[in-house]
Number of protein chains: 2
Amino acid sequence: MQSKLEENLQLLPADELARRVAKVTSHMRDLGMDAVLAGDNANLYYLTGRVFCGYVFVAADGRVMYFLRRPSELKGDNIHLIRKPEDMAPHIAGAIGGAPTVGLMMDDTPYSLIARLQKMLGDGASIANGSQVMRLARAVKTKLEIEMMAASGVRQASVYRELPRVYEPGMTDLEFQFEIERELRRAGCLGQFRLSGPELEIFMGNVLTGENADNPSPYDFAMGGAGMDPSLPVGADGTLIKPGKPVMVDMNGNFTGYMTDMTRTYVAGEAPEIAVRANRLSADICRAISEAARPGVECKALYELAVRMVEEAGMADYFMGHSYHAGFVGHGIGITVNEMPVLAPRSRDVLEAGNTYACEPKFVIPGVGAVGVENTYVVEAEGPAHCITVLDENIIPLL
Amino acid sequence: MQSKLEENLQLLPADELARRVAKVTSHMRDLGMDAVLAGDNANLYYLTGRVFCGYVFVAADGRVMYFLRRPSELKGDNIHLIRKPEDMAPHIAGAIGGAPTVGLMMDDTPYSLIARLQKMLGDGASIANGSQVMRLARAVKTKLEIEMMAASGVRQASVYRELPRVYEPGMTDLEFQFEIERELRRAGCLGQFRLSGPELEIFMGNVLTGENADNPSPYDFAMGGAGMDPSLPVGADGTLIKPGKPVMVDMNGNFTGYMTDMTRTYVAGEAPEIAVRANRLSADICRAISEAARPGVECKALYELAVRMVEEAGMADYFMGHSYHAGFVGHGIGITVNEMPVLAPRSRDVLEAGNTYACEPKFVIPGVGAVGVENTYVVEAEGPAHCITVLDENIIPLL
């Protein structure tokens, strides 16, 4: 047999790698670090275009080393095969002498592994939180990253467009969701929802209808839902989809390793007037935010813009939930579903060209259910942010 | 709207909670800790029967406190609502005075959060690795846990039995997998693959056929496969399922929050003689290990038993992979797919009644593909381990 993996470890074109490394080293220097060492899957993928078992080391002068544990067949320059983290020590010591400060992925890596890496680096080295370096670098996407996200957006929208064909009267939210999952998978969806932070969990997204929309969940997502089981209490719970009750579809958009996030609201029969109005307000907020989302704009101002529009429309009781209100209206997205910038009241993020964000002004209306639109946008150097999840934003008839 | 979550935080019956807490406190004392504080989803679920946003604190004397952030509607005794980890400090100080040693989930929780919890506990407290306490407690299942696993096993087996109905000639491994995913979901599978350890990722399991079976993956699973994308390089890769080529199905068995792990090998047409022989050997090893798997037996001896049987059959080149050989033959399973005990050459685990393990002696044969059986077993107080994934172990015809 011929292994597909007797290929380069580094899959990124040289100029693409150089662009990413330049961002990483710039933030590294700003934050007082001499190098970063990353072994978590999201950052390995960012720095090589693939997930492997091992580490990538980036020094402030731009040198990159790869420490490869598995699959050991991968080829390329600056690769050191390791069996355990301690095997990295001489190579790192050779690359950065003196008393370096090394950024480790403290927000993404368990305590015991960071402690082991610290020991490996030796008493002469200090460790710092490199997660913030990578978060800042990854927040500003390159052209290639934006293309990969846009490719996900096209495919996600094409599945969403076909959902009326998938729906059958008498379905529960779960039955509808299982068919949507299948359609997404058949269109090339990888399924995996990559998330940052230890306690976020979701399977392949959420379909919410009726009363279930108001069940709060433990997770920091925009919407809740009781879910199928107390071991994973979020999303669809078996509620029957009834005529005139909106169905909010917010499913996985990971087709390329780079995700889009997209929500559309569907209805069998006629949606109540308040649902139509709330959905239109959601689309209007998305558009208004995208027009305001220019480089230099504070993200908290975008959240405030959403709140003003909601208050003017008299819909504040329903905004981002009813029993429980989520405290944001949008979030950065890319390799994971929760990146920088965050569109929230106390966000300190300021937009830059190349930021990508999902905007999800949603409403939960008692007796009606969850309603709203979510799109993924790219912040441009000039002009409004550019939507990459293009599809009719009205409530879409299922029948 | 009526929230489903205006119910007890603690879903476990009082006697079940007492049994689990007794195990936790016993290991806590053995390992020199005065309390453990867990906030990761797997351990929250173990200690309450649900996932929520917050922490469970267990003191060595058996007192339990719940620190609840979200959903704040949950009711019950010994619940303290918190907004941030620091709000736990006075309650913990009140419960354990002096200079306590508190076990934190160092293998499961990011460094930065553990550092924050350590600060919250104050200078008077020491921290220790509580992950091992929880791992040891969770390795020995209660009757209720075994019932929940057995319920998953029944449903997983019932889906596997029907897979010939789902297969259509001309399918690729991915097309077959998507239909299996749908069948599993329709049978109540939660989808979520809960894993321990930071770098393991998988979507909903793997279907392997043909040459792809020998593609090594970065992940520490028994089998590899190139996968759909370098961002998630494991499993099916679009290989056409050809007549006479085995198809190994190893998909998600999480129906209850407690998983089973189960593999069967299928074939369209006639399987080559060597595949039949390897599959029979796999089933024989599963059975031999289950007969030997009694309380007090060393897990490394079970691994050695498998290796002896493989060597006697002249199949060592193919055992647990061909280009790359995985270094184990079985693993504990329950809330996550990788628990104690581990059936591996350097395992120090010794079996106890109530251990549950998946046994997966698999073979990758050049020119043929991946072949083998995997079952989940419960170690009994007397007699052989008890299989809870019961289905014909021969290669199953797809047509």
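**Exercise 1. Is Asn212(B) buried or exposed, and what is its relative accessible area?**

Solution. This is a predicted model, and the exercise begins with a single residue of chain B. To place the residue, look at the loop between strand S7 (205-209) and strand S8 (247-254) of chain B, where Asn212(B) is found. Its relative accessible area is 2%, and since buried means under 20%, Asn212(B) is buried. Turning to the surroundings, and leaving aside neighbours within four places in sequence, the residues in contact with Asn212(B) are Asp173(B), Gly225(B), Ala226(B), Gly235(B), Ala236(B), Asp237(B) and Thr239(B). For Gly235(B) a distance can be given as well: its backbone oxygen lies 2.9 Å from a polar atom of the Asn212(B) side chain.

**Exercise 2. Compare the end-to-end span of helix H8 (residues 173-186) of chain B with the expected span, and then find what covers the helix.**

Solution. Helix H8 of chain B has 14 residues, which at 1.5 Å a residue should span 20 Å, and the C-alpha atoms at its ends are 20 Å apart, so the two values agree. The next step concerns burial: 12 of the 14 residues of H8(B) are buried, and the helix is thus mostly covered. Among these buried residues are Asp173(B), Phe176(B), Ile180(B) and Leu184(B). The cover includes helix H8 (173-186) of chain A, and also helix H6 (143-161), helix H7 (163-166), S7 and S8 of chain B. Just after H8(B) comes Gly188(B), which takes a positive phi of about 105 degrees.

**Exercise 3. Follow Phe176(B) from its contacts to the nonpolar core in which it takes part.**

Solution. Not counting neighbours within four places in sequence, the contacts of Phe176(B) include Leu163(B), Tyr167(B), Met171(B), Val207(B), Val249(B) and Leu398(B). The largest nonpolar core has 138 residues, and Phe176(B) is one of those with the most contacts inside it, a group that also holds Val24(A), Phe176(A), Val249(A), Val24(B) and Val249(B). A second core of 47 residues is separate from it and includes Val267(A), Phe319(A), Val373(A) and Cys387(A).

**Exercise 4. Determine how chain A is related to chain B, and through which surface the copies meet.**

Solution. Chain A is superposed on chain B by a rotation of 180 degrees with 0.0 Å of shift along the axis, at an RMSD of 0.0 Å. The two copies are therefore related as by a two-fold rotation axis. As for the interface, 100% of the interface residues of chain A are interface residues in chain B too, so the copies meet through the same surface.

**Exercise 5. Describe how strand S13 (residues 362-365) of chain B is paired and covered.**

Solution. S13(B) pairs with strand S14 (residues 369-372) of chain B in the antiparallel sense, over four bridges, and within this pairing Phe363(B) has Val371(B) as its bridge partner. The two strands form a hairpin with three residues between them, and in the turn Gly367(B) has a positive phi of about 80 degrees. Both faces of S13(B) are covered, as Lys362(B) and Val364(B) on one side and Phe363(B) and Ile365(B) on the other are all buried.

**Exercise 6. Work out the strand order of the open five-stranded sheet of chain B, and name its edges.**

Solution. The strands follow the order S11-S10-S12-S15-S16, and their pairing is antiparallel. Strand S11 (339-343) and strand S16 (386-387) are the edge strands, each pairing on one side only. Inside the sheet, three bridges join strand S10 (residues 330-332) to strand S12 (residues 356-359), and His331(B) stands opposite Ala358(B) in S12(B).

**Exercise 7. Classify Met262(A) and Arg287(B) by their relative accessibility.**

Solution. Met262(A) is placed in strand S9 (residues 259-267) of chain A, and at 0% relative accessibility it counts as buried. Beyond four places in sequence, Met262(A) touches residues including Gln156(A), Tyr160(A), Met251(A) and Leu391(A). Arg287(B), in helix H9 (residues 273-292) of chain B, has 40% relative accessibility and therefore counts as partly exposed. Not counting residues up to four places away in sequence, Arg287(B) touches Tyr377(B) and Glu393(B).

Methods. Residues numbered from 1 in each chain as written. Chains lettered and ligands numbered in written order. Predicted model: local features only at pLDDT ≥ 70, side-chain atom pairs only at ≥ 80, totals over all residues. Heavy atoms only, no water. Buried < 20%, exposed > 50% of the residue type's maximum accessible area, 1.4 Å probe, protein only. Pairing = 2+ DSSP bridges. Least-squares fit on C-alpha atoms with pLDDT ≥ 70 in both. Contact = heavy atoms within 4.5 Å. Polar contact = N/O pair within 3.5 Å; in protein donor to acceptor, adjacent residues only side chain to side chain. Core = buried A, V, L, I, M, F, W, Y, C linked by side-chain atoms within 4.5 Å. Expected span 1.5 Å × (residues − 1).
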